[in-house]
Amino acid sequence: MRGKPLATIISAGLSKFGRREGVYARELFAEAALSAFHRVEKLDPSKDIKAAFIGQMSEAYEHQAHTAPIAASWAGIFPAPAMRIENACASSGSALRCGIMAIMSGLYDIVLVGGVEKMTNQPTPEVTGILATASDYPFEQWNGMTFPGLFALMATVHMHEYGTTEEQMAAVAVKNHKNGALNPNAHMQKEVSMDEVLKSRLVSWPLKLYDCSLITDGASVVILTKPKLAKKLSDNYVHIIGTGQAQDTFCLHERESLTTVKAAKTAAQEAYKMADVRPKDINVAELHDCFTIAEIIGYEDLGFCRPGQGGKYVESGAPDLKGSMPVNTSGGLKSKGHPVGATGTAQIHELYLQLTDQADRRQVKDAKIGLAHNLGGSGATGVVHILKGS
Ligand SMILES: CC(C)(COP(=O)(O)OP(=O)(O)OC[C@H]1O[C@@H](n2cnc3c(N)ncnc32)[C@H](O)[C@@H]1OP(=O)(O)O)[C@@H](O)C(=O)NCCC(=O)NCCS
């Protein structure tokens, strides 16, 4: 299987990300699906798409469960089966693996994979509580832990063990906001300076407002087929050549180390091996920057730099849009936004654009191989995909 296409993406779509007043999640999902359908005129979605795998984290935002059939039917996928996959912020990364397995099994020729979350229906304290349900109830939630708090713990250990600085974390935010300012679908299309990040209000020390991802409404969709069918359906297709997923302990206090996300590291090793590529072969990557420290740890876990060197790596400019390894060209979760269930396939959407030369002002020249790194919770789930342009 090494280096061979597992499944092929023939199209991808995204809703506008942001605070989307007056619409339901189903409408956002339909918006993302329609933008994907417009790219593949040869496809008759309601007839040709045989199943839908949809990531969504929580029913609490809209008081609505059993959401996959609603989202799929609003996108015109009916009566094909629709399934919801819930793996916290890695819901649609995990849904993508389900879609790949469905294609590889031979059960279906064409499937739709996506994700959606409509978070801003609730005020921030409620959203914080809903997000916290993806941490452990007796050990973490019950003791008042929140996601900014969990990642702040990881940040302080990284600072203590490796000397990582608040400026280095801020550099991630500055870079990602710069990229997001070039993305018309991003939630916050605004550049920020190092000074603004460092002076922004404290959320959970050392994390400040601009170290945190946004609370966002949005949806994302990709259409998968068998590699040998792709050419018949689309001129712009991208092969998935590696998929990896792993678990680590659910609670932070049980981890061997707080300076690495072992699930992501293991998932990356699996995906690299399957794809038969090495970190230096990657041309563009979307990393799960739910907090700036998560991107720094991500560089290390993916082998872009040595353990402990993530802070220096971002300072070196390597992950800049014009650097040697552009990371989060979309703006990442920090600036594009983080509608949690939609994030995994939104990362794949950006890589699809990059690898088919459709990323406009964010285009990375000659990008051939892309990597997506998606975390669930504080890293109990890690999902990595490797894509190759055709
Ligand atoms: C950091 C956070 C608490 C701020 O929320 P808040 O205090 O309710 O902020 P508000 O929505 O009132 O926004 C106030 C201002 O800050 C801005 N803002 C909000 N969150 C921001 C963020 N993460 N980054 C940059 N700016 C942000 C708003 O756009 C608004 O700007 P304006 O006054 O110019 O309109 C919230 O964004 C958050 O919880 N983020 C993390 C989400 C998370 O944990 N996701 C899961 C990860 S595993």
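In this predicted model, the second largest cavity is lined by A25, Q56, S58, E59, Y61, E62, Q64, T67 and K118. The space inside the second largest cavity amounts to about 40 Å³. Sorted by class, the residues around the second largest cavity are two nonpolar, four polar and three charged. Such spaces are found in a simple way: rolling a probe the size of a water molecule over the atoms shows where empty space is left.

How many cavities of 30 Å³ or more does a search of the whole structure find? The search yields three. The largest cavity has a volume of about 80 Å³, and its lining consists of A25, R26, Q56, E62, Q64, T67, I70, A71 and V116. The reader may trace this lining in the structure by starting from two helices, α1 (25-37) and α3 (67-74), each of which supplies at least two of the lining residues. Which of the helices gives the most to the lining of the largest cavity? That helix is α3, with three residues. In terms of class, four residues of the lining of the largest cavity are nonpolar, three are polar and two are charged.

From the cavities we turn to the pockets. The largest pocket has a volume of about 740 Å³. A total of 30 residues line the largest pocket, and those closest to its centre are T124, C212, S213, L214 and I215. Two helices, α5 (124-132) and α6 (147-162), each contribute at least two residues to the lining of the largest pocket. Where in the chain does the lining of the largest pocket come from, in terms of domains? Domain 1 (7-123 + 216-238) and domain 2 (135-214 + 241-389) each provide at least three of its residues. The lining of the largest pocket comprises 17 nonpolar, ten polar and three charged residues.

The model also contains a ligand, with 17 residues around it. Those that come nearest to the ligand are T124, R201, C212, S213 and K334. Three of these names recur when individual atoms are examined. The side chain of R201 places an N or O atom 3.0 Å from an oxygen atom of the ligand. The side chain of K334 has an N or O atom 3.1 Å from a nitrogen atom of the ligand. With C212, by contrast, the backbone takes part: one of its N or O atoms lies 2.9 Å from a nitrogen atom of the ligand. On its own, the ligand has 910 Å² of accessible area, of which the protein covers 67%.

Key. Residues numbered from 1 in each chain as written. Predicted model: local features only at pLDDT ≥ 70, side-chain atom pairs only at ≥ 80, totals over all residues. Heavy atoms only, no water. 1 Å grid on protein atoms, 1.4 Å probe; cavity = no way out; pocket = protein on both sides within 12 Å on 5 of 7 lines; lining within 4 Å. Points joined across faces, edges and corners; volume = space filled by probe spheres on them. Helix = DSSP H or I, 4+ residues; strand = E, 2+ residues; numbered from the N terminus. Nonpolar A, V, L, I, M, F, W, Y, C, P; charged D, E, K, R; others polar. Domains from an automatic or database assignment. Near = heavy atom within 4 Å. Polar contact = N/O pair within 3.5 Å; in protein donor to acceptor, adjacent residues only side chain to side chain. Areas by Shrake-Rupley, 256 points an atom, 1.4 Å probe, with all protein chains shown as cover.
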